[in-house]
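Thanks for asking me to look this one over. Here are my notes, point by point, to read alongside the coordinates.

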Amino acid sequence: MTATTAAPRAATPVPTRQNQPSARLRAWATRAPLLPALIFMIAVTQLPFVATLVISFFDWNALYPKARKFTGFGNYQQVLSDADLRHSVWTTILLTAAVVLASLVLGLGLALLLDRKFRGRGVVRTLLIAPFLVVPVAAALLWKHVLYNPEYGLLNGLLHYVGGPQPDWISNTPLLAVEASLIWQWTPFMMLILLAGLQSRDSQQMEAARVDGASDWQIFRHLTLPHLRRYLELGGLLGSIYIVQNFDAVFTITSGGLGTANLPYTVYQSFYQAHENGLASAAGVLVVIGSIVIATFALRVVSSLFREEVGRA
């Protein structure tokens, strides 16, 4: 019988202070290619905002540059107290709420339709997504000239065919005209988000509900709608972020007239027409703050969605 001896275990290398600098250098070497992109992002996004923030504290009219003076929060008080600016804030809220709610309802209906299997579903889905791919200015021009024009527009052409009245859509219902063009463009976006939510449902749970005798309405109300709650919140918040900043439709269809000037258009008007740099910068900062608040809620919803998906896996 021979005795066996265990081989001595190799000693685990202990990091020494001499190795630490090399590790730091390797980490910096790994990050170095990203530095130009980071510097570019800071220069493009943050520096203009800092400049806008500084200008917002000055009474600065471009026509009288020598009369520039520091006013603190005076421009912000004027933005919040001026009747026209308050009206533009109200128009922005009304426009955003109407477009987002209508887009969500229509998008939900289309998503429920596309969730069913039928011949040509892929073609129908592609056609329904197309409006979201159109350039915003081109979409606004399409609605203004092809649909709304009182003389040769498609809407009045159809009404003329059936013998109905032929109104001037933009003059009679200006805000509704802007909202309709935005709803047409944003409904496909909501549809895509909600369709992804519908296709992530638990098929066994749905089948069990049908076996127990649940009707389609009961399944939609008690299973589908609670499941889509996060997706509805996500679509609503992301849509709100973009609609709050919308400028193309208001500028192209109504030029901000007839009570349709929202806050981004008022910023443009204050800067390029009234040359009030300080006032326009203060209004722009308020738009950014509102967008950041909405984006914060959106990011929380996205994080909760990811946690739910990880929990199911």
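**Notes on the fold**

1. Let me start with the chain as a whole. Among contacts in the protein chain with a separation of 6 or more, 69% join residues that are 24 or more positions apart. Please keep in mind that this is a predicted model. The protein chain holds 15 helices and two strands, and 32% of its 313 residues count as buried.

2. The helix pair I would open first is helix 4 (residues 83-114) with helix 12 (residues 229-244). Their axes are 9 Å apart and meet at an angle of about 140°, and the crossing is right-handed. Helix 4 contributes Thr92, Leu95, Thr96, Val99, Val100 and Leu104 to the contact, while helix 12 brings Leu232, Gly235, Gly236, Gly239, Ser240, Ile243 and Val244. Sorted by class, that contact of helix 4 with helix 12 has seven nonpolar residues, six polar ones and no charged ones.

3. Next, the core. The largest nonpolar core has 42 residues, and the members that touch the most others are Leu95, Val99, Ala111, Val178 and Leu182. Two or more residues come from each of helix 4, helix 6 (136-147), helix 9 (174-198), helix 12, helix 13 (248-254) and helix 15 (277-312). Helix 9 supplies the largest share, 13 residues. Both domain 1 (43-81 + 276-312) and domain 2 (84-247) give at least three residues to this core. As background, nonpolar side chains in soluble globular proteins tend to be buried together.

4. Leu95 deserves a closer look, as it belongs both to the helix 4 contact with helix 12 and to the core members that touch the most others. Setting aside residues up to four places away in sequence, Leu95 touches Leu175, Val178, Glu179, Leu182, Ile243, Val250 and Asn262. There is also a second, separate core of nine residues, with Val79, Leu279, Ala280 and Ala282 among them.

5. Is Asn262 buried or exposed? Asn262 counts as buried because its relative accessible area is 0%, under the 20% cut-off. Asn262 sits in the loop between helix 13 and helix 14 (263-273). Beyond its neighbours within four places in sequence, Asn262 is in contact with Ser88, Thr91, Thr92, Leu95, Asn246 and Val250.

6. Two partly exposed residues are worth viewing one after the other. Ser200 lies in the loop between helix 9 and helix 10 (203-211), and its relative accessibility is 24%, so it counts as partly exposed. The C-alpha atom of Ser200 is 9.6 Å from that of Leu228, with their positions 28 residues apart along the chain. Arg229, in helix 12, is partly exposed at a relative accessible area of 42%. The C-alpha atoms of Arg229 and Leu194 are separated by 9.6 Å, and these two residues are 35 residues apart along the chain.

7. Finally, Thr71. This residue is in the loop between strand 2 (69-70) and helix 3 (74-81), and with a relative accessible area of 30% Thr71 is partly exposed. Thr71 and Phe58 are 13 residues apart in sequence, and their C-alpha atoms are 5.3 Å apart. Leaving out neighbours within four places in sequence, Thr71 is in contact with Phe57, Phe58 and Asp59.

Methods
Residues numbered from 1 in each chain as written. Predicted model: local features only at pLDDT ≥ 70, side-chain atom pairs only at ≥ 80, totals over all residues. Heavy atoms only, no water. Axes fitted to C-alpha atoms, helices over the stretch in contact; angles between N-to-C directions. Helix = DSSP H or I, 4+ residues; strand = E, 2+ residues; numbered from the N terminus. Left-handed = near helix turned anticlockwise from the far one by under 90°. Contact = heavy atoms within 4.5 Å. Nonpolar A, V, L, I, M, F, W, Y, C, P; charged D, E, K, R; others polar. Core = buried A, V, L, I, M, F, W, Y, C linked by side-chain atoms within 4.5 Å. Buried < 20%, exposed > 50% of the residue type's maximum accessible area, 1.4 Å probe, protein only. Domains from an automatic or database assignment.
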